[in-house]
Amino acid sequence: MLEQERFLYGSALQLCISLGSLLFGVVASEIVLGSKLSVEEDNSWVSSNGDFAIGFYNHPDQPNQFSIGIRFNSKSIPVDKRTVVWVAGGEVSVSNNSYFQLQKNGELVLFDASQGQELWTSKTSQLSVASAFLRDDGNLVLLNEKKDIVWQSFDYPTDTLLPGQRFYAFSTLRAASQNDVSSLYSLYLNVSGQLQLRWESSIIYWNSGRPSHSNLTAVLTSSGSLQLVAPNLGPVWSVFGEDHNDTVRFRFLRLDVDGNLRLFSWIEVSQKWRSVWQAVENQCTVFATCYQQGICVFNASGSPVCTCPFHHTAQSNSKCLFSSQHDCKSGSIMLEQANMFLYGYYPVNDSISITSINQCKSMCLNDSSCTSVTYTNDGSAKCRMMKTPYVSGYSVPSLSSISFVKRCSDPIAADPIFPLESPPQAHESYKICIPCLVGAASGTFVVFVVIQLAMGFYLHKRRNSYRRLASLAYSTPGSKCLIMLSFTEIKDLTGNFNHQIGPRMFKGALPNNQLVAVKELEATTEARKFRAAVSKIGSIYHKGLVKLEGYCCEVDLRYLVYEYAKNGSVEKYIEDSTLAERLTWRKRMEICLSVGRAIFYLHTECREFLCHGNLKCENVVLDENFEAKVNEFGLRMLYGEASSHRASAEKDVEEFGKIVLTLVSGIKEANDVFGWAYKEWLEGHAENVVDKRLEGEVDNEELERALRIAFWCLQTDERVKPSMGEVVKVLEGTLPVDPPPPPFTCWRSPREEEDSSELGSESET
């Protein structure tokens with residue numbers, strides 16, 4: 001798999017640190033001139049709070065090669081998870097007996113003993129350096145006598161940014177090298193203030209959008225957001241991790257070896273780093289993500305993998321190279337592959353022309369150097385021609401592009417994998433062998449009987465095998481397998497549907513005792529479409545969404561198996577006065593924000609648009625940590641219902657507005673509650689809308705933001721409704737919101753009613 005072969009390997013290069021290099025002697029936080037670190041002594045310089053250390057670490061793929069770098073050092077992080085965040089010289093490696101020293105002249109020097117020379121220096125010998133410190137934020141600084149910083153590691157990032165670290169124009173992050181080969185992926189901030197993910201500095205496959213200001217710097221905040229900041233104006237562009245504003249002790253932003261930019265948070269409970277945001281949602285669209293391994297596709301579990309669908313030649317290596325097939329004896333043909341986009345990556349010189357699909361194929365057939373073409377019609381018909389064997393790309397079912405790869409029409413010339421036997425000579429005679437035929441017939445009959453018995457045994461054991469597979473899939477925490485269960489197994493894990501926890505919803509337990517919630521659906525969609533829709537929903541993972549664990553699809557039976565939310569739905573907390581005490585004002589606002597982020601993720605950050613379609617307090621549940629998650633998303637897809645993106649998104653926005661007002665007021669949906677709430681707010685009595693059970697713990701600024709954005713969500717004029725992205729920013733407090741007009745066209749303010757009555761009385765007289 002792509003993530004296992006490339007991303008995990010590269011992560012290991014950064015995360016795996018030899019145990020010997022971590023058993024260091026603690027040195028005072030001030031680093032005096034002449035201080036030295038050596039491979040042999042395994043010593044390190046440590047920040048005063050103990051969270052960071054600088055020292056030598058071992059390369060996992062090169063046992064006798066070492067680099068000097070800053071890493072996390074907190075005792076709360078296991079040794080093998082103490083990620084390296086900065087490397088002197090950008091992964092310069094040295095041998096045994098080498099050392100790193102702050103020399104008397106104030107220069108940091110990395111000396112390689114095997115070569116007998118300095119491989120890297122800070123070039124600070126003329127800056128009057130008096131001492132050095134490894135600060136508590138992970139920044140290694142050199143100071144002069146006045147304690148001014150004259151050099152700092154934060155100004156020379158490698159592949160990682162830490163909270164508070166500034167990333168200036170013309171700065172670059174470069175992904176870690178693999179197999180001693182420097183990475184071609186980089187993050188660059190151009191002079192216009194635009195963040196760009198680049199491949200070989202010429203191909204830009206992601207950017208932060210067109211900047212509205214100049215002289216910008218990028219910074220990772222401690223609250224979990226990546227921002228572009230303008231002088232004297234503050235943030236002008238921001239993206240947020242899933243756990244933004246959560247209490248997280250350690251974070252970092254890294255350009256990974258697979259070319260994606262990710263924000264990581266340290267999760268104390270699970271004792272691991274978790275990616276909470278990534279720049280390119282669809283990994284397959286990262287340029288050259290498969291490089292020489294072919295085409296990027298998503299497997300059944302939703303993970304990106306590399307495949308070589310047009311590789312017909314046996315080669316000694318694993319490279320997936322395209323040939324122009326110019327030496328075909330019987331001519332060439334074009335093999336078609338729908339939903340696929342191809343491009344050449346070496347050299348990057350694809351020619352693009354506006355033409356028809358047939359002309360596109362003909363152009364490649366008639367060009368001896370052409371290897372493949374991709375035809376796209378997204379408003380204008382474009383033909384992209386590749387004239388290089390180094391071709392990559394990606395395939396997604398929703399993609400409209402069609403690709404064609406040139407192949408020889410002669411099957412022998414095109415597929416010489418196995419040697420062909422010489423054909424029989426014409427003069428040979430053939431005789432019918434009666435005993436041979438009888439023996440063959442008898443053997444065939446015996447084989448047939450054995451196969452039938454084996455099939456019967458297989459069908460007999462199939463039901464039990466499902467249970468074994470389910471147990472195996474759920475034996476590993478965090479498994480992403482979507483399990484198909486039989487109806488018998490659904491009955492078993494729910495105890496014959498004895499524990500109902502909601503409308504057509506039952507509590508159950510998997511073979512490993514993991515609790516689940518089983519939802520019964522109407523069988524209105526054919527099995528093939530149902531399984532395809534379930535596969536898409538099962539590939540969606542987000543902190544604020546309930547995970548789909550499995551499903552059942554038999555004849556006229558349809559069931560979904562979700563992770564179990566211990567504390568039930570928000571609705572029961574609204575209805576029950578005793579339970580409502582747990583829904584503090586802070587918790588209610590957190591629920592609003594969690595739900596908003598989850599719906600925003602469905603609308604914009606999945607591989608294709610997905611609406612919820614039935615958003616309400618009943619479908620917002622609270623897990624064992626009392627964190628809110630959205631349940632039953634994507635059910636319209638399962639029922640085969642089709643609607644426009646805009647209409648579906650607007651429906652979700654409206655229903656979200658109702659949830660916000662319900663949480664603020666503590667009143668379940670009623671025909672007049674929203675009009676009443678708007679009237680109270682308009683007359684300056686917003687506090688009257690608040691649930692009386694909250695007893696004065698309300699933040700007035702948050703209340704104003706919540707009511708305003710809720711009324712904007714409820715506007716009957718669809719053109720003025722906000723997007724979920726705007727809704728989230730308002731709730732976060734990063735986007736101002738104007739006072740909304742009356743949400744309903746039939747609603748009139750008291751002043752309008754008085755004017756109307758006066759006009760009516762005048763007309764009567």
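Start by selecting I352 and showing everything around it in this predicted model. Skip the residues within four places of I352 in sequence, and what is left touching it is K382, C383 and R384. Now colour by secondary structure: I352 belongs to strand 30, which covers residues 351-354. Is I352 buried or exposed? Switch on the surface and you'll find it exposed, with a relative accessible area of 51%. While you're here, add M386 to the selection. From I352 to M386 is 34 residues in sequence, while their C-alpha atoms are 9.3 Å apart in space.

**Next stop: the rings**

Hide all that and bring up the aromatic side chains. There's plenty to look at, since the whole structure holds 34 aromatic pairs. Pick F72 and F250 to begin with: their ring centres are 5.5 Å apart and the planes meet at 70 degrees, so this pair is edge-to-face. Zoom out a little and trace the chain from each ring. F72 sits in strand 6 (residues 62-72), while F250 is in the loop between strand 22 (234-240) and strand 23 (251-255), so the pair ties together parts that are 178 residues apart in sequence. Don't expect to spot either ring easily with the surface on, as both F72 and F250 are buried.

For another kind of geometry, select Y99 and F111. This pair is stacked, with 5.1 Å centre to centre and 20 degrees between the planes. Y99 is in strand 8 (residues 99-102) and F111 in strand 9 (residues 108-112), so you are looking at a link between parts of the chain 12 residues apart. F111 is partly exposed, with a relative accessible area of 21%.

Stay with Y99 and add K36. What sits over the ring of Y99? The charged end of K36 does, 4.4 Å from the ring's centre. You can see another such arrangement by jumping to R582 and F626: here R582 lies over the face of the F626 ring, at 4.1 Å from the ring centre.

Before leaving the aromatics, make one bigger selection: W199, F287, Y291, F341, Y343, Y345, Y346, Y390 and Y394. Together they form one aromatic cluster.

**On to the cysteines**

Now show the cysteine side chains as sticks. A disulfide is a covalent bond between the sulfur atoms of two cysteines. How many disulfides are there in this model? The count comes to 5. Let's visit some of them.

Select C284 and C296, whose sulfur atoms are 2.0 Å apart in a disulfide. Look along the S-S bond: the torsion is -70 degrees, and the link is left-handed. C284 is in the loop between strand 25 (272-278) and strand 26 (295-298), with C296 in strand 26, so the bond ties together parts 12 residues apart in sequence. Both C284 and C296 are buried.

Then move to C290 and C306, a disulfide with its sulfur atoms 2.1 Å apart. Its torsion about the S-S bond is about -95 degrees, so the C290 and C306 link is left-handed. C290 is in the loop between strand 25 and strand 26, C306 is in strand 27 (residues 304-307), and the two are 16 residues apart. With the surface on, C290 counts as buried at 1% relative accessibility, whereas C306 counts as partly exposed at 26%.

For the opposite handedness, go to C308 and C320. Their sulfur atoms are 1.9 Å apart in a disulfide, and with 80 degrees about the S-S bond this link is right-handed. Both cysteines lie in the loop between strand 27 and strand 28 (332-338), so the bond ties together parts 12 residues apart in sequence. C308 counts as partly exposed at 22% relative accessibility, and C320 as buried at 1%.

**Last stop: two cysteines without a bond**

Finish with C592 and C617. C592 is in no disulfide, and its nearest cysteine sulfur, that of C617, is 8.7 Å away. C592 counts as buried at 1% relative accessibility. Turn to C617 and the picture is mirrored: C617 is in no disulfide either, and the nearest cysteine sulfur is that of C592. C617 counts as buried too, at 11% relative accessibility.

Terms used:
Residues are numbered from 1 along each chain as its sequence is written. Side-chain values use heavy atoms; hydrogens and water are left out. Helices (H or I, at least four residues) and strands (E, at least two) are DSSP runs, numbered from the N terminus. Buried means under 20% relative accessible area, exposed over 50%, partly exposed in between (1.4 Å probe, protein chains only). Contact means heavy atoms within 4.5 Å. Rings of Phe, Tyr and Trp (its six-membered ring) pair if their centres lie within 6.5 Å; planes under 30 degrees apart count as stacked, over 60 as edge-to-face and the rest as tilted. A charge sits over a ring if NZ of Lys or CZ of Arg is within 6 Å of the ring centre and within 35 degrees of the ring normal. A disulfide is a pair of cysteine sulfur atoms within 2.5 Å.
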